[in-house]
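Trainee: I have a chain to look at and would like to go through it step by step. Where should we start?

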Amino acid sequence: MWVPCKGWLFGKLSVWEAVGLRTGEEMPEGPSVRKFHHLISPFVGQQVVKTGGSSKKLYPATLQSLWLQDTQVHGKKLFLRFDPDEESGSPGSNPLPEPPQKGARKEETVAPEPALGPSRLKTSDESCPSVELDPSGSDVPEGLGTDGPATGAPQWLQVSFGLFGSVWVNEFSRATKANKRGDWRDPVPRLVLHFGGGGFLAFYNCQMCWSPSPVIKPTCDILSEKFHRGQALEALGQAQPVCYTLLNQRYFSGLGNIIKNEALYRARIHPLSLGSLLSASRREALVDHVVEFSTGWLQGKFQGKPQHTQIYRKEQCPAGHQLLKEPLGPPGGFQRLTWWCPQCQPQVPPEEPQQLQHP
């Protein structure tokens, strides 16, 4: 078992993380990527002394001898800045969350459901999305980054975690069950970075590419203090199903399928309700639940507590009603499995308004 070197922790990483913590076991959403950011931050200021990994689009050897100088997070994307020279720059501009408490445990495993649609995400190397963090809402990779950083200039490595991505700290992932061929083969990391301080990072099932300086827009990040509620409420007022709008990263960066399902249930809103037919108070309640659930999920990660879901991957809602499940998404786009309770979340026709009652 790897033993942390003396003086390596910088006072930022607790012992239970240093000896090997797996994160990202559920489909990575905003809270998970924030946790990745927190775990990677102690490596800022260290030099990469050894590299490895299976990536063919991003050659791991190009990171050899570079210095990790910054890390930033926005929604579901993580950015790492590497420089050929050592600097005394401060860590990332985004404030770090509170560190995990002692005695915390590994995060609860939630197997991600596949995205259904014409462009299903792959687990092999793919091109990265464009760096401008104002996408149309899809997580589908679009642009293509260069194979290596520009010589003599700092560059940002953009990491997108897709449906199955994860980061391991000072430990490699091990097989927990046999694959379809019956083999017990350990997963192969996409990228491994060993640092001069003695620790290492292993990235699994990520899409990575080099990019210029990221354009961060915290007003659409659901976990940012600068999240713009007015912009989000206006977006929810569109004449389209609210479950489509919630997954649009232009307005709700970091919001994924788990948060979508849970927020809609807590707001007692049917996923196919047209936003233009919802009252202002109901749209406000939906935004409240998005922020509340996301923030609680993030806090739970740092306290080692599993996230409690009320309907995601459940058979019944808390009131005992049978749930319905169906892949929903815009025409020609991703269809994501959606759970809802037909009794707690009825789809009320606009010509027959009713007062919804909480169970």
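**Two helices and a core**

Mentor: This is a predicted model. Start with helix 5 (residues 257-266) and helix 6 (residues 280-302), whose axes come within 9 Å of each other and cross at roughly 130°.

Trainee: Is helix 5 parallel or oblique to helix 6?

Mentor: The axes of the two helices cross at roughly 130°. Angles over 145 degrees would count as roughly antiparallel, and 65 to 115 as roughly perpendicular. The crossing angle therefore makes helix 5, relative to helix 6, oblique.

Trainee: How many residues of the contact of helix 5 with helix 6 are nonpolar?

Mentor: On the helix 5 side, the residues are I258, I259, E262, A263, L264 and R266. They meet L286, H289, V290, F293, S294 and W297 in helix 6. Of the residues in this contact, 2 are polar and 2 are charged, and the nonpolar ones number 8.

Trainee: Which helix gives the largest share of the largest nonpolar core?

Mentor: The largest nonpolar core has 39 residues, and I222, L246, F252, L255 and L286 have the most contacts inside it. At least two residues each come from helix 3 (229-236), helix 4 (242-246), helix 5, helix 6 and strand 11 (336-340). The largest share is 7 residues, and it comes from helix 6.

Trainee: Leaving aside neighbours within four places in sequence, which residues is F252 in contact with?

Mentor: F252 is one of the residues with the most contacts inside the largest core. With sequence neighbours within four places left out, F252 is in contact with C220, I222, F227, A232, L236, T245 and L246.

Trainee: How many residues are in the other core, the one that lies apart?

Mentor: I40, F43, V169 and M208 are among the members of that other core. Its number of residues is 28.

Trainee: What percentage of the residues in the chain is buried?

Mentor: The chain has 6 helices and 11 strands. Buried means under 20% relative accessible area. Among the 359 residues in the chain, the buried part is 51%.

Trainee: Is Q343 buried or exposed?

Mentor: Q343 lies in the segment after strand 11. A residue needs over 50% relative accessible area to be exposed. Because the relative accessibility of Q343 is 54%, Q343 counts as exposed.

Trainee: How far apart in space are Q343 and R268, C-alpha to C-alpha?

Mentor: In sequence, Q343 and R268 are 75 residues apart. In space, their C-alpha to C-alpha distance is 9.3 Å.

Definitions and conventions:
Residues are numbered from 1 along each chain as its sequence is written. This is a predicted model: local features need pLDDT of at least 70, side-chain atom pairs count only at pLDDT 80 or more; totals for chains, interfaces and linings use all residues. Side-chain values use heavy atoms; hydrogens and water are left out. Axes are lines fitted to C-alpha atoms, for helices over the stretch in contact, and angles run from 0 to 180 degrees between N-to-C directions. Helices (H or I, at least four residues) and strands (E, at least two) are DSSP runs, numbered from the N terminus. Angles under 35 degrees count as roughly parallel, over 145 as roughly antiparallel, 65 to 115 as roughly perpendicular and the rest as oblique. Contact means heavy atoms within 4.5 Å. Ala, Val, Leu, Ile, Met, Phe, Trp, Tyr, Cys and Pro count as nonpolar, Asp, Glu, Lys and Arg as charged, and the others, Gly among them, as polar. A nonpolar core is a set of buried Ala, Val, Leu, Ile, Met, Phe, Trp, Tyr and Cys residues joined through side-chain atoms within 4.5 Å. Buried means under 20% relative accessible area, exposed over 50%, partly exposed in between (1.4 Å probe, protein chains only).
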